[in-house]
Structures are given as C-alpha cells and as structure tokens.
Amino acid sequence: MNDWLYSDIVKDHFTNPRNALTEDESTFPYNARGQTGNIKCGDQMLMLLIIENDVIKDVRWRTYGCASALASTSMLSEIIKGMNIRDAYNIKPEDLVEKLGGLPEYKIHCSVLGDKALRAAIDEYLEKTGRPGMLKEEEIEICHCIGITDKDIEKAFLNGARTWEALQLATKIGTVCGQCKEEAEELLHGLIHIHGM
C-alpha cells in the first residue's frame with residue numbers, strides 16, 4: 001500500500017534537498033540572515049543569502065519541519081538563485097505549491113516558513129544597506145511564538161478559514177502558547193464585516 005501523499009517533485013526535493021545548510025552557518029559567507037518559526041511547535045526555518053547588487057547569488061537554509069517544509073524550501077532555494085530581491089520578496093507560498101505539483105491542504109502552512117524566512121533575510125539586508133522599509137509591508141504580529149501577522153490571518157481568511165480551528169489548521173497560529181487566540185478571533189470577526197462573508 002502506498003501511503004505517500006505527495007507528488008514526485010515533493011518526494012525528490014524531500015529526499016534530495018537543494019542548497020540545504022549541511023555545515024555550521026559560520027562557514028557560509030552570507031550577508032543576509034532570516035529566521036522564522038518556533039522550535040517548540042516543531043517548525044523553524046533559517047535562511048542565509050549571499051546578495052550582490054540586489055541579486056541573490058547563493059542561498060543556504062535549514063529547517064526543523066516536515067517533508068512539506070523541506071521540499072518547499074528546497075524548491076524556493078532553487079527559484080531565487082539569480083533573482084532580484086524585489087522579485088524574490090514577492091514569491092508566494094501558492095507559487096511554491098504549484099511548482100511542487102500540489103501539497104495536501106493540511107500541509108500548506110508548511111510552505112509559508114520558507115518565504116517568511118526569505119523576507120526576513122531580505123529585510124535584514126536592506127537595513128544593513130541603509131534602505132529600511134523599501135520592501136517591508138506594515139504588518140502587525142498577532143502570534144509572537146511563530147510570527148503570524150494580521151496579513152497571514154487575512155490571507156487564510158480569504159482562503160476559507162472562518163473559525164479559530166480553521167485558522168489554526170491553515171497557519172498553526174496559537175499552537176505554542178495560545179495567548180493570541182482572543183486577538184486573532186477579533187480580527188476574524190472584523191474580516192467577516194470587511195469582506196461581507
């Protein structure tokens with residue numbers, strides 16, 4: 001019986017991840033570093049970039065996560081090499097899911113780790129080069145444990161998450177300490193009024 005729920009592309013990137021950091025990060029000469037997630041809930045992502053003239057020349061990453069997180073970050077690392085940071089910053093999890101040939105719905109949230117760590121690394125690079133806020137959107141962090149923002153919640157809402165349980169399934173919000181539940185539910189309530197759904 002075949003219990004593998006993923007595409008052959010996901011299987012390939014999971015069993016043969018590209019650009020994974022196999023050594024200590026100090027041995028990779030990065031000039032941009034981004035980290036997201038929380039090891040307490042089992043998902044954490046580190047992204048290291050070498051950027052020259054606003055172009056990503058090389059990348060290394062490390063994650064503590066599932067097959068979906070590994071495969072989506074491996075795919076992301078392949079896509080962004082040679083890409084301008086502005087274009088890289090705008091890569092969406094849906095883009096990765098499509099290139100991977102799909103992911104089980106309950107694993108979509110795993111593909112978010114890589115792009116969040118990538119944006120954090122680019123933001124750090126911009127700050128180092130005296131350009132804070134060039135790409136960074138104003139976001140309000142709702143879940144401090146794993147870095148879920150109001151924009152993440154709105155995106156999940158627009159994709160069908162209308163309850164706290166559905167929001168948790170889509171984003172993993174509140175799975176560490178749960179202190180964000182009340183604020184997140186208020187935001188969900190407000191989104192229902194804004195979008196009329």
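Select Lys 81 first: in this predicted model the residue is partly exposed, with a relative accessible area of 34%. Now add Asp 58 to the selection, and the side chains of Lys 81 and Asp 58 will be found to meet in a salt bridge, at 3.6 Å from N to O. This pair links distant parts of the chain, since Lys 81 sits in the loop between α2 (67-80) and α3 (85-89) while Asp 58 belongs to strand β3 (residues 55-64), 23 residues apart. Unlike its partly exposed partner, Asp 58 counts as buried, because its relative accessibility of 18% falls under the 20% limit for that class.

Keep Asp 58 on display and bring in Pro 29, which lies in the loop between α1 (8-15) and β1 (32-38). The two residues are 29 positions apart in sequence, yet 9.6 Å separates Pro 29 from Asp 58 in space, C-alpha to C-alpha. Pro 29 counts as exposed, at 58% relative accessibility.

The next stop is another charged pair, Glu 25 and Arg 33, whose side chains meet in a salt bridge with an N to O distance of 2.8 Å. Colouring by accessibility is useful here, for Glu 25 is buried, with a relative accessible area of 18%, whereas Arg 33 counts as partly exposed at 29%.

Move on to helix α5 (residues 112-128) and select Arg 119 together with Asp 115, whose side chains meet in a salt bridge (3.3 Å, N to O). Because Arg 119 and Asp 115 are 4 residues apart in this helix, about one helical turn separates them. Asp 115 is buried, with a relative accessible area of 3%. Returning to the earlier pair after this one, select Asp 58, Arg 60 and Lys 81 as a set, which salt bridges with shared partners join into one network. The structure as a whole holds 7 salt bridges, and in general terms, side chains of opposite charge can pair when their charged atoms come close.

With helix α5 still in view, turn to the nonpolar residues. Which residues touch the most other members of the largest nonpolar core? They are Met 47, Leu 49, Ile 56, Ile 80, Leu 118 and Ile 122, out of the 26 residues that make up this core. The elements that give two or more residues to the core are β2 (43-52), β3, α2, α3 and α5, and the largest share, 7 residues, comes from α5. As background, nonpolar side chains tend to be buried together in soluble globular proteins.

For the surface, select Glu 165, Glu 182, Glu 183, Glu 185 and Glu 186, which gather there in a patch of negative charge. Helix α8 (residues 181-195) gives the most to this patch, with 4 residues. Centre the view on Glu 182, whose place is in helix α8, and which is exposed, with a relative accessible area of 58%.

Finally, zoom out and switch to a cartoon of the complete protein chain, which has 8 helices and 5 strands. Traced along the sequence, these elements follow the pattern α-β-β-β-α-α-α-α-β-β-α-α-α. How many of the 197 residues count as buried, as a percentage? The value for the protein chain is 46%, and the stops above include residues from that class, among them Asp 58, Glu 25 and Asp 115.

Conventions:
Residues numbered from 1 in each chain as written. Predicted model: local features only at pLDDT ≥ 70, side-chain atom pairs only at ≥ 80, totals over all residues. Heavy atoms only, no water. Salt bridge = Lys/Arg side-chain N within 4 Å of Asp/Glu carboxyl O. Buried < 20%, exposed > 50% of the residue type's maximum accessible area, 1.4 Å probe, protein only. Patch = residues over 30% accessible without salt bridge, like charges linked within 9 Å, V, L, I, M, F, W, Y side chains within 5 Å. Areas by Shrake-Rupley, 256 points an atom, 1.4 Å probe, with all protein chains shown as cover. Lys, Arg positive; Asp, Glu negative; His and termini not counted. Charge placed at Lys NZ, Arg CZ, Asp CG, Glu CD. Core = buried A, V, L, I, M, F, W, Y, C linked by side-chain atoms within 4.5 Å.
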